Amino acid sequence: MKLTLPNLLTVLRLLAAPGVAVMFLYFHRPFADWAALLLFVGAAITDWFDGHLARAWKQETKLGAMLDPIADKAMVVIALMVIVGYSSMSPWLVLPATVILFREVFVSGLREFLGDTAGTLKVTKLAKWKTTAQMVAIATLFAQGVFEHYLGMSAFGMDHAMFEAIMNGAEEDVLGLRWKHAGMLWAGDIGLALLWVAAALTLITGWDYFRKALPHLKEDR
């Protein structure tokens, strides 16, 4: 096994996946949200660099080809588990997250079953867009957590009447409650919309992989 720079970046991305969850064990929020966001974004950036460098430097290896999709799936699955676990379990969030998790497990099972013929399930451009949509959606939802907890910290000890007065403009917004609230809403709505887009692309690419695998699933007579 040859550990090139592209492969090293892939390994670091693979290790960063559980690191996203670990951030919430050792940091209080919103610092855990910040740490998870920065770690996730940094890992997502390496997803582009490792493949680009491997092709540019002609350093594509079997190790990289094996680890790259595993790292992508680990990042997405673990990050979604964290986001859903710390959410209010809204069906608008849980449903697309479930679709994404199911597809990743299903396609991984198909690849394992097909063995040597798994080359029929090569990653398509649409699948790459799916991964991009997933990562941007997850990063945006982590950002929502940052806004939400800074808003909570700023409004701590404030009664409901005062909070409403500030939000309505009747009182001066010294602590920046309005922009923190707006950031929370915008990040939440955009992140959720992107997650649904990612879920739709997930279903389309999952069906495409299943369709390609069908000839190899027929029983011998």
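How far apart are the end C-alpha atoms of α4, and what should its 24 residues span? At 1.5 Å a residue, the expected span is 34 Å, and the end C-alpha atoms are 34 Å apart, which agrees. The expected span is 1.5 Å times one less than the number of residues. Helices here are DSSP runs of H or I with at least four residues, numbered from the N terminus.

This is a predicted model, in which local features need pLDDT of at least 70, side-chain atom pairs count only at pLDDT 80 or more, and totals for chains, interfaces and linings use all residues. Residues are numbered from 1 along each chain as its sequence is written, and side-chain values use heavy atoms, with hydrogens and water left out.

Stay on α4 and select its buried residues (under 20% relative accessible area, 1.4 Å probe, protein chains only). They are L93, P96, A97, I100, R103, E104, V107, L110 and L114. These residues pack against α3, α5 and α7.

Next, select R103 in α4. R103 counts as buried because its relative accessible area is 5%. Beyond its neighbours within four places in sequence, R103 is in contact (heavy atoms within 4.5 Å) with K130, T202, T205, G206 and Y209.

Now move to the largest nonpolar core (buried Ala, Val, Leu, Ile, Met, Phe, Trp, Tyr and Cys residues joined through side-chain atoms within 4.5 Å). Among its 35 residues, F40, I138 and F142 touch the most other members. Helices supplying at least two residues each include α1 (5–26), α4 (91–114) and α7 (177–213).

Finally, select F142. Not counting residues up to four places away in sequence, F142 touches V20, F24, D33, A36, L37, F40, A79, V82 and I83.

Key. Buried < 20%, exposed > 50% of the residue type's maximum accessible area, 1.4 Å probe, protein only.
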